Amino acid sequence: MIYLDSVTKLEIVLTAAKTTNDMDCSVNYYDVGYTRTEETNLLKGFMKRTASNGTTDAIICAVPEVGRIRNVKTIFINNRDTAAKTVIVKTDNGTSEFIVAKRSLNADQTMVYEDGFGWSVI
């Protein structure tokens with residue numbers, strides 16, 4: 001399970017610069033309110049699409065509003081590059097970064113995260 005609070009975002013970074021193309025990233029998530037006033041706003045679903053930025057961190061899922069927890073359901077990262085690259089997915093709370101997953105992807109491979117199942121490469 002990947003949960004983000006009001007200070008923690010999800011990022012992607014590559015261990016080497018792209019050869020030709022950035023990687024496509026898609027994150028599906030929903031926010032859950034944890035205050036009494038948010039009870040009617042439970043399970044709002046969203047999707048965020050972005051691309052990697054080589055060896056610079058790119059935000060693939062931003063922090064939720066204060067008073068909410070962001071539940072990441074699925075992540076898809078597709079290597080559209082012409083060469084294999086190593087992908088790092090990490091959380092960043094502004095003070096510390098923690099690696100969530102690190103995988104090597106050949107050209108046209110996709111790294112997938114599914115809540116309840118974990119990570120795979122297809």
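**Asparagine 79 and its surroundings in an all-strand model**

A polar atom of the asparagine 79 side chain lies 2.9 Å from the backbone nitrogen of aspartate 81, and the backbone oxygen of alanine 83 is found 3.1 Å from a polar atom of that side chain. In this predicted model, asparagine 79 belongs to the loop that joins β6 (68–78) and β7 (85–92). Because its relative accessibility is 0%, and thus under the 20% cut-off, asparagine 79 counts as buried. When residues up to four places away in sequence are left aside, asparagine 79 touches Met23, Ala84, Lys85, Leu105, Asn106, Ala107, Asp108 and Gln109.

The protein as a whole contains 10 strands and 0 helices. Its radius of gyration is 15 Å, close to the 14 Å given by the globule rule for 122 residues, so the protein is as compact as a globular protein of that length. The C-alpha trace spans about 50 × 30 × 20 Å along its principal axes. Of the 122 residues, 39% are buried, and the accessible surface amounts to about 6600 Å², with 50% of it belonging to carbon and sulfur atoms. Among contacts with a separation of 6 or more, 68% are accounted for by residues 24 or more positions apart.

As for confidence, the protein averages a pLDDT of 90, and 91% of the residues score at least 70. Confidence is lowest in strand β4 (residues 44–51), where the mean is 85, and highest in strand β9 (residues 110–114), where it reaches 97.

Methods
Residues are numbered from 1 along each chain as its sequence is written. This is a predicted model: local features need pLDDT of at least 70, side-chain atom pairs count only at pLDDT 80 or more; totals for chains, interfaces and linings use all residues. Side-chain values use heavy atoms; hydrogens and water are left out. pLDDT is the predictor's confidence in each residue, from 0 to 100. Helices (H or I, at least four residues) and strands (E, at least two) are DSSP runs, numbered from the N terminus. Buried means under 20% relative accessible area, exposed over 50%, partly exposed in between (1.4 Å probe, protein chains only). A polar contact is a pair of N or O atoms within 3.5 Å; within protein, one must be able to donate a hydrogen and the other to accept it, and residues adjacent in sequence count only if both atoms are side-chain atoms. Contact means heavy atoms within 4.5 Å. The radius of gyration is taken over C-alpha atoms; the globule rule is 2.2 Å times the number of residues to the power 0.38. Accessible areas come from the Shrake-Rupley method with a 1.4 Å probe; for residues, only the protein chains shown count as cover.
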